[in-house]
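I opened this notebook to record what I looked up, entry by entry. The topics are salt bridges, one helix, one arginine and the surface around the RNA.

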Amino acid sequence: MSEERSLNFIEEIIEKDLEAGTHEGRVHTRFPPEPNGYLHIGHAKSICLNFGLAKKYNGKCNLRFDDTNPVTEDTEYVESIMNDVRWLGFDWDELHYTSDYFDQLHDFAVDLIKKGLAYVDDSTSEEIAATKGNIDRPGTNSPFRDRTVAENLQLFTEMREGKYADGEKVLRAKIDMAHPNMLLRDPIIYRIKHAHHHRTGDKWCIYPMYDFAHGQSDSIEKITHSICTLEFIHHRPLYDWCIDKLGIFPSHQYEFARLNLNYTVMSKRKLLQLVNEKQVNGWNDPRMPTISGMRRRGYTPESIRKFAETIGVAKRENLIDIGLLEFCVREHLNKVALRRMAVLDPIKLIITNYPEGQTETLSAENNPEDENGGHRPISFSNTLWIERDDFMENPPAKYFRLGVGLKSRLKHAYIVECTGFKKDENGNVTEIYCTYFPESKSGSDTSGIKVKGTMHWVDANTAETAEIRLYDRLFKVENPATEEGDFKDYINTDSLSTISKAYIEPALKDATLADRFQFLRIGYFALDTDSTADHIVFNKTVGLKDSWSKEQKKG
RNA sequence: AGUUCUAUGGUGUAAAGGUAGCACAACUGAUUUUGGUUCAGUUAGUCUUGGUUCGAAUCCAGGUAGAACUACCA
């Protein structure tokens, strides 16, 4: 029995097409972002789908920048998008820009005019909206609807030549002002914009609308399966209309449900707002659902691809638990992350029976999940940093770490027994004292002592320091987009907390941006791009599963 | 109100007329020098009402619920 995964509905369509010999068995998809923002995890789903389908069916996938609106688009976004797609592990077969087709698209418009299927309209935008009708009321014909072909040709030429100001005239398709689908009520297909385009410069002052560019671009590239999200479903009749009237290659559009993740927002408009209003520190802020944000936070391409595969592809609206993404991240990081020790909230532990000034070097495995992971040396002395919450003055039952009289193991080192502690005048514990059992050394333990708890630690004599940034969900509610009022009212103001001085083991000093670490018992961490040789900065990628805090919450 | 789309455990997603399965989450337990990992197990689902059929998540009809559409954005 083969491990065959069931097909999603798009794969079913493709396999049916393959069987029927449609397009000579060719599968050609495309990923068509508009370069007006950074890519987010929702785009990642689409990228994995489109490029994944091409790979699975031995086909091709293009990257096409849908750049028909010069006022919002920028090469900065083009660069970031290419970078993100490559980082995710995909490479396009062809790179295109809709703007490369402007000449052809213009000729298509002329063709439509000649066929009597398009006309130049002098109405204002308000007039066009007013005569469009309503969802349950038909629209009315524009007074300019019956201009002659010759007149339309002349006017459209003048539009292109820059004779008119923005908004003075538009070119509309002549379809049906009473159509139940609003998009077919003589949609605008060309508008005047005297704007500088990031690629074509000042060559054009008229630009095609999405509906007059997308399907034709697919057709020009001989795309067989044009996959987009559900909100474009109403556009499909128009997509088909253009291809049909123009008599060009019949690309076909299929729609799937976009990804929604809880506790975040996924619209470029909202994300741009967060960036512009400095609610976050740029598009690649580690709290952002952008690919660049996740990369900076320490997520891996493997984990994002696995996530995309796990959530599946269907046509019903969904709201995926962010926990599933985090699961995929942990799952991959568990296999590849180097284990290291770091103490985020330090308190001093003094071993009273370990000779002052003595040090020894212990061996610590780099990754228990990887047989070939090797070991590293770590130093040990009588003064260590341990985590503040690994000690309790009045420990409850089932607490496995330190409290006076309790024993616990120092990972990779010895078992210690807590003998006392010191408080300052404010009642805060400042030092913890313990004795160690020399014969309990890790790997050669002959002490016979059994302990349930193990703690991480860092030798105070050799420790380095680092800044650590911890992240929480960006929003306080599951779905800020559907909440009453402004989505920004639901921002979690505690989504970033910074630890300015944590103690880390010396091996971490050489970390690079490509490294992934597990700080033992805490979580997964990656170097931040702000990090320098003198000031090391780590991001917490995601925490370890924590069944102790769960236990505590139960009370 | 019109049109279009959708409806399966808490969340996702399978089952193409024949045992409702998988993943995450939750909960037990075992293992563990990370309260991590791993392993074993438990809880929990076909929107509703009819119809067709020996048999319906699946086919048909009617409800109900949710979403999308009325930008010179994509």
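**Entry 1: Asp530 and its partners**

I began with Asp530, which counts as partly exposed at 39% relative accessibility. The model I am reading is a predicted one. I then looked up the partner of Asp530 and found a salt bridge with Arg469, with the closest N and O atoms 2.9 Å apart. Asp530 sits in the loop between strand 24 (523-527) and strand 25 (537-543), while Arg469 belongs to strand 21 (residues 464-471), so the pair ties together parts that are 61 residues apart in sequence. Arg469 is buried, its relative accessible area being 15%. I noted further that a network of salt bridges links Arg296, Glu467, Arg469, Asp528 and Asp530.

**Entry 2: Other salt bridges**

How many salt bridges does a search of the whole structure find? I recorded 36. One that I looked up joins Asp218 to Arg30, where the closest N and O atoms are 3.8 Å apart. This pair links distant parts of the chain, for Asp218 is in helix 7 and Arg30 in strand 1 (residues 28-31), 188 residues apart. Both Asp218 and Arg30 are buried.

I next examined Glu255, which forms a salt bridge with Arg236; their closest N and O atoms are 2.8 Å apart. Because Glu255 lies in strand 9 and Arg236 in helix 8, the pair ties together parts that are 19 residues apart in sequence. I found Glu255 buried at a relative accessible area of 2%, whereas Arg236 is partly exposed at 26%.

**Entry 3: Helix 8**

I turned to helix 8 itself, which covers residues 236-246. Which residues of helix 8 are buried? I listed Leu238, Tyr239, Trp241, Cys242, Ile243 and Leu246. These buried residues pack against helix 4 (102-114), strand 5 (170-173), helix 7 (210-220), strand 8 (225-229) and strand 9 (252-256). Just after helix 8, I noted that Gly247 takes a positive phi of about 65°.

**Entry 4: Arg340**

I located Arg340 in strand 10 (residues 338-340). Arg340 is buried, yet I found no salt bridge for this residue. What is the nearest side chain of opposite charge to Arg340? It is Glu505, at 4.5 Å. The cut-off for a salt bridge is 4 Å, so Glu505 does not qualify at its 4.5 Å from Arg340. Leaving aside residues up to four places away in sequence, I recorded contacts of Arg340 with Asn366, Arg376, Glu505, Ala507, Leu508, Phe517, Gln518, Phe519 and Leu520.

**Entry 5: The surface near RNA strand B**

I looked up which of the 63 residues around RNA strand B come nearest, and entered Thr68, Arg191, Ser442, Gln518 and Arg521. Gln518 is also among the residues that Arg340 touches. By class, I counted 23 nonpolar, 18 polar and 22 charged residues on this surface. Strand 6 (188-192), helix 12 (322-336) and helix 13 (547-553) each supply at least two of its residues.

Which parts of RNA strand B lie within 4 Å of the protein? Of those atoms, 57% belong to sugar or phosphate, and the rest belong to bases. I then looked up individual phosphate oxygens of RNA strand B. A polar side-chain atom of Thr68 is 2.7 Å from one phosphate oxygen, and a polar side-chain atom of Arg316 is 3.0 Å from a phosphate oxygen. For Leu319, a backbone N or O atom lies 2.8 Å from a phosphate oxygen of the strand.

Terms used
Residues numbered from 1 in each chain as written. Chains lettered and ligands numbered in written order. Predicted model: local features only at pLDDT ≥ 70, side-chain atom pairs only at ≥ 80, totals over all residues. Heavy atoms only, no water. Buried < 20%, exposed > 50% of the residue type's maximum accessible area, 1.4 Å probe, protein only. Helix = DSSP H or I, 4+ residues; strand = E, 2+ residues; numbered from the N terminus. Contact = heavy atoms within 4.5 Å. Near = heavy atom within 4 Å. Polar contact = N/O pair within 3.5 Å; in protein donor to acceptor, adjacent residues only side chain to side chain. Nonpolar A, V, L, I, M, F, W, Y, C, P; charged D, E, K, R; others polar. Lys, Arg positive; Asp, Glu negative; His and termini not counted.
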